[in-house]
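Work through the exercises below with the sequence and the model in view. Each task is followed by a solution in steps.

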Amino acid sequence: MNAREIRLAARPHGLPGLDAFHLVETAIPDPAPGQVLIRNLYMSLDPGMLMLIGAYPDIPIPPYEVGAPLYGDAVGEVMASGEPSLKEGDVVLHRHGWREYALADAAQVRQVDPDAYPSLSTYLGFGLVAYAGLTAVAGLRPGETVFVSSAAGATGSMAGQIARLLGAGRVVGSAGTPEKVARLTGTLGFDAAFDHHDGPIADRLREAAPDGVDVYFDTVGGEQLRAAIDVMNAHGRIALCGALARQSAGGSPDAGPGDPMRLIGKRLTLRGFTMNDHLDLASEFGRRLRQWLADGSLVYEETVVDGLENAPQALLDLVRGTYTGKVVVRLTR
Ligand SMILES: NC(=O)c1ccc[n+]([C@@H]2O[C@H](COP(=O)([O-])OP(=O)(O)OC[C@H]3O[C@@H](n4cnc5c(N)ncnc54)[C@H](OP(=O)(O)O)[C@@H]3O)[C@@H](O)[C@H]2O)c1
């Protein structure tokens with residue numbers, strides 16, 4: 001039996017089309033000593049992959065190479081092992097997504113507990129980045145007002161719920177459709193939400209957060225960042241997590257936060273961060289997530305797309321706002 005993988009066919013200008021992706025059949029290899037062969041079960045889709053396809057400048061990880069398979073987080077089952085500490089049937093997390101079978105150095109995979117969560121795909125979620133952004137980066141204090149953009153998305157849906165669980169006084173979210181807005185204030189427990197298409201965004205945010213915003217968890221940049229700065233309270237903190245405005249526009253530069261006097265006047269802190277800076281929080285967060293899921297205080301939002309062949313279209317649909325929650329691709333056939 002052959003395996004399938006997706007390679008970068010060409011480096012596009014702007015947003016990629018489907019012709020940027022090449023589905024290829026390959027032979028399933030045998031692991032050498034120190035390697036494992038993994039049958040991937042789920043892989044993550046992340047808007048950041050568009051930056052690796054387009055090789056945007058300033059990204060802290062290597063871009064995809066033309067002709068090579070794409071990569072990204074995946075969870076799978078060990079099929080054969082050249083490393084005594086891992087055996088057939090072990091479940092592992094690793095970075096060789098975008099392929100059905102992965103050959104990996106054993107040192108670069110992490111064995112995970114297959115029973116920790118209701119689905120193995122939960123390991124691909126962005127809860128840790130939300131938790132780190134709210135705690136280590138923004139220093140959220142009980143009673144504060146938190147604004148989360150792309151709040152129905154993978155990171156935002158976790159950030160809003162985690163903010164509430166950490167004692168935020170008011171949690172406000174923005175999303176791109178009336179259905180998503182209703183889901184925020186319904187199932188996900190946000191105190192208020194608005195559609196970012198119903199601008200001016202600063203006006204909608206002031207209505208939703210009449211006492212101002214203390215912490216902004218920013219996954220978007222652009223106009224939402226500038227609007228948040230307008231509405232921030234003195235000494236507010238902004239955790240700069242993502243760049244969806246730029247990613248969905250095919251990489252066009254973002255005008256950024258605007259006049260620095262506004263930041264100085266309000267003594268604001270804007271701090272960029274990546275999840276990799278905060279891996280020390282992973283076990284603390286994992287414990288809390290399992291507890292929140294078990295007692296029903298957190299809803300895990302996820303969309304599952306079937307089949308590697310559908311992954312490129314799903315990545316493009318992801319930034320068009322088609323889905324809610326974390327988007328994963330199920331790779332088993
Ligand atoms: N710093 C890190 O370590 C780290 C880790 C993970 C993710 N990230 C970044 O964080 C961001 C969020 O990632 P995610 O996986 O959670 O994505 P996501 O929020 O699930 O992304 C999909 C959503 O983006 C929204 N969107 C697209 N274009 C937009 C625009 N111009 N303005 C506002 N919203 C827009 C759409 O929602 P609507 O329908 O609501 O518009 C869409 O459903 C990304 O930029 C990602 O690269 C960073």
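**Exercise 1: a pair within one helix**

D317 is buried, with a relative accessible area of 16%; buried means under 20% relative accessible area, exposed over 50% and partly exposed in between, with a 1.4 Å probe and protein chains only. The model is a predicted one, in which local features need pLDDT of at least 70, side-chain atom pairs count only at pLDDT 80 or more, and totals for chains, interfaces and linings use all residues. Residues are numbered from 1 along each chain as its sequence is written, and side-chain values use heavy atoms, with hydrogens and water left out.

Task: find which residue forms a salt bridge with D317, and state whether that partner is buried or exposed.

Solution.
- Step 1. Apply the rule: a salt bridge is a side-chain nitrogen of Lys or Arg within 4 Å of a carboxyl oxygen of Asp or Glu.
- Step 2. The partner is R320, and the closest N and O atoms of the two residues are 3.2 Å apart.
- Step 3. Place the pair: R320 and D317 are 3 residues apart in helix α10 (residues 311-320), so about one helical turn separates them. Helices (H or I, at least four residues) and strands (E, at least two) are DSSP runs, numbered from the N terminus.
- Step 4. R320 has a relative accessible area of 55% and is exposed.

**Exercise 2: pairs that link distant parts**

Task: state how many salt bridges the rule gives, and describe the pairs R4 with E100 and R226 with D254.

Solution.
- Step 1. The count is 15 salt bridges.
- Step 2. Side chains of opposite charge can pair when their charged atoms come close.
- Step 3. In the salt bridge between R4 and E100, the N to O distance is 3.0 Å. R4 belongs to strand β1 (residues 2-8) and E100 to the loop between β5 (91-94) and β6 (101-105), so the pair ties together parts 96 residues apart in sequence. R4 and E100 are both buried.
- Step 4. R4 and E100 also belong to a network of salt bridges with E309.
- Step 5. For R226 and D254, the salt bridge has an N to O distance of 3.7 Å. This pair links distant parts of the chain, 28 residues apart: R226 is in helix α6 (residues 222-231), and D254 is in the loop between α7 (244-248) and α8 (260-265).
- Step 6. R226 is partly exposed at 27% relative accessible area, and D254 is partly exposed at 33%.

**Exercise 3: the surroundings of the ligand**

Task: describe which residues surround the ligand and which domains supply them.

Solution.
- Step 1. There are 30 residues around the ligand, the closest being T155, G176, K180, H196 and Q247; a residue is near a molecule if one of its heavy atoms lies within 4 Å of it.
- Step 2. Sort the shell by residue type: 15 are nonpolar, 13 polar and 2 charged.
- Step 3. Look at single atom pairs. An oxygen atom of the ligand is 2.7 Å from a polar side-chain atom of S150. The side chain of Q247 has an N or O atom 2.7 Å from an oxygen atom of the ligand. At F273, a backbone N or O atom lies 3.0 Å from a nitrogen atom of the ligand.
- Step 4. On its own the ligand has 920 Å² of accessible area, and the protein covers 89% of this.
- Step 5. The elements that give two or more residues to the shell are α3 (154-165), α7 and α10. α7 gives the most, with 4 residues.
- Step 6. Domain 1 (2-118 + 300-330) and domain 2 (127-276) both give residues to the shell, so the ligand lies between them.

**Exercise 4: backbone angles**

Task: state what is notable in the phi of A55, the phi of W98 and the peptide bond between G199 and P200.

Solution.
- Step 1. Most residues other than glycine have a negative phi, and most peptide bonds are trans.
- Step 2. A55 has a positive phi, near 50°. A55 sits in the loop between α1 (48-54) and β4 (74-81) and is partly exposed, at 31% relative accessible area.
- Step 3. W98 also has a positive phi, about 65°, although it is not a glycine. W98 is in the loop between β5 and β6 and is buried, at 0% relative accessible area.
- Step 4. G199 and P200 are joined by a cis peptide bond, with omega about 0°. P200 lies in the loop between β10 (192-195) and α5 (201-208).

Notes. A polar contact is a pair of N or O atoms within 3.5 Å; within protein, one must be able to donate a hydrogen and the other to accept it, and residues adjacent in sequence count only if both atoms are side-chain atoms. Accessible areas come from the Shrake-Rupley method with a 1.4 Å probe; for residues, only the protein chains shown count as cover. Ala, Val, Leu, Ile, Met, Phe, Trp, Tyr, Cys and Pro count as nonpolar, Asp, Glu, Lys and Arg as charged, and the others, Gly among them, as polar. Domain bounds come from an automatic or database domain assignment.
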